[in-house]
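Work through the exercises below with the sequence and the structure at hand. Each task is followed by a solution in steps.

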Amino acid sequence: MNTPTTPSATGLRDLLSREIKSSELLRALIVVSPFVAAYFVSREPALLNLGLIAVSLLIPALRLHSPPKVTAWHYLAILIAFAALFLAAPVKPLFVVLTALTGFLTVAATRHGEDFRTLGNWVFIPAVYLACEVHEGMSASEALRHAGIVIVASPVALALVCGIQIYDQRRRTKAATSFGLPATKWLLPATATAIAVFAAAALVEILNLAQGQWVMWSAASVVVGDLSASTDKLKQRAIGALAGVPSGFLAGLALPQNRVGYALAVLAATLTLISFSRYVVGFGLRCFFIALAASFAGGASGIAEERIGNVIIGGAFGLIAVALTDIVWQRVAPKGGPPPSHPTKA
């Protein structure tokens, strides 16, 4: 006899189905978990960074239904941007300028199709994050070794994502062949992103802020529309950081430091990039798992203040940049013209 399902169980199942994108989660597990398994076997921390490359390739592939050749070009763009920022990192002014240029190109590419913004986002995020992550707390020789492992082993990530694409495309009639309509007003949002990222990167380098990639990422992330939309995005990020980081830190205090917990927390944090329908939920859980991973690694001291502060400071730069570009537009645009269009940022 089948046991009747209680209303509470049904409600929970419905809630999970709304919040969690199970199909994307499964595919992300397929492309990310091999690197976690390789880390368990080899104890090489550089392998965990490959999960970010894999999920950064997977997200546009799933959203845009692009063919494998587009993913191959996307992969090449990530490697080029990462290598450029990694090599520029010891020269702080050069790193600041190149990071801002990368942010500018992320949006400027939409002049050829609005869907290029999605590809651009997922070039900027892994390139900046990995360039900062590899250099922070490492000697020059160790950073070079770490970067070399990432680059040499990264074709595995490409192969896994292309395998997912080939499987999915067999179930569809055809892959997408265009990147949407060209954005007619791309210059001002591209400039706003560049200003925000430049200011964030300059602050990180001048003050030597720990985990500075969060400041730069947050600065670019809130440039999503007009000032109202950008403010709402910052609110979501602030709520996620305020809820997730302290919770992860407290959970880490109750658990012993161990390598297994660290790897699983990194895996979970990577999966939050793709697995949740609501941004605030995904970002809050990402903050939770990153704080938990830091606790497992024994480096959680001060993480709550750093993460929350970095998110808010970077977001403030983004809001200021959007406001400045809107003011410029009001002065130079023809009277009665439409406001600048800021393409949506993932």
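**Exercise 1. Cysteines**

Determine how many disulfides the model contains, and classify Cys162 and Cys287 as buried or exposed.

Solution. The model is a predicted one. A disulfide requires two cysteine sulfur atoms within 2.5 Å, and by this rule the count is 0 disulfides. For burial, the cut-off is a relative accessible area under 20%. Cys162 has 14% and is therefore buried. Cys287, at 1%, is buried too.

**Exercise 2. Overall make-up**

State how many helices and strands the protein chain has, and what share of its residues is buried.

Solution. Start with secondary structure: there are 13 helices and 0 strands, so the pattern along the sequence is α-α-α-α-α-α-α-α-α-α-α-α-α. Next, burial: of the 346 residues in the protein chain, 50% are buried. The exposed surface of the chain comes to about 16,100 Å², with 68% of it supplied by carbon and sulfur atoms. Last, contacts: among those in the chain with a separation of 6 or more, 80% are between residues 24 or more positions apart.

**Exercise 3. The nonpolar cores**

Find which residues of the largest nonpolar core touch the most other members, and which helix gives the most to this core.

Solution. The largest nonpolar core has 86 residues, and Leu58, Phe82, Phe95 and Met216 touch the most other members. Helix H3 (residues 46–64) gives the most to this core, with 13 residues. A second core of 5 residues is separate and includes Val107, Ala108, Ala183 and Trp186. Now take Leu58 by itself: leaving out residues up to four places away in sequence, Leu58 touches Arg27, Ala28, Val31, Val161, Ile164 and Ile274.

**Exercise 4. Helix H8 and its end**

Compare the span of helix H8 with the expected one, then give the phi of Asn208.

Solution. Helix H8 runs over residues 187–207, which is 21 residues. From first C-alpha to last the helix reaches 30 Å, close to the 30 Å expected at 1.5 Å a residue. Asn208, just after H8, has a positive phi of about 50°.

**Exercise 5. Thr272**

Locate Thr272, decide whether this residue is buried or exposed, and list its contacts.

Solution. Thr272 sits in the loop that links helix H11 (259–271) to helix H12 (279–296). Its relative accessibility is 4%, so Thr272 counts as buried. Beyond its neighbours within four places in sequence, Thr272 contacts Gly282, Leu285, Arg286 and Phe289. With Arg286 there is also a side-chain polar contact of 3.2 Å.

Terms used: Residues are numbered from 1 along each chain as its sequence is written. This is a predicted model: local features need pLDDT of at least 70, side-chain atom pairs count only at pLDDT 80 or more; totals for chains, interfaces and linings use all residues. Side-chain values use heavy atoms; hydrogens and water are left out. Helices (H or I, at least four residues) and strands (E, at least two) are DSSP runs, numbered from the N terminus. Buried means under 20% relative accessible area, exposed over 50%, partly exposed in between (1.4 Å probe, protein chains only). A polar contact is a pair of N or O atoms within 3.5 Å; within protein, one must be able to donate a hydrogen and the other to accept it, and residues adjacent in sequence count only if both atoms are side-chain atoms. Contact means heavy atoms within 4.5 Å. Accessible areas come from the Shrake-Rupley method with a 1.4 Å probe; for residues, only the protein chains shown count as cover. The expected span of a helix is 1.5 Å times one less than its number of residues. A nonpolar core is a set of buried Ala, Val, Leu, Ile, Met, Phe, Trp, Tyr and Cys residues joined through side-chain atoms within 4.5 Å.
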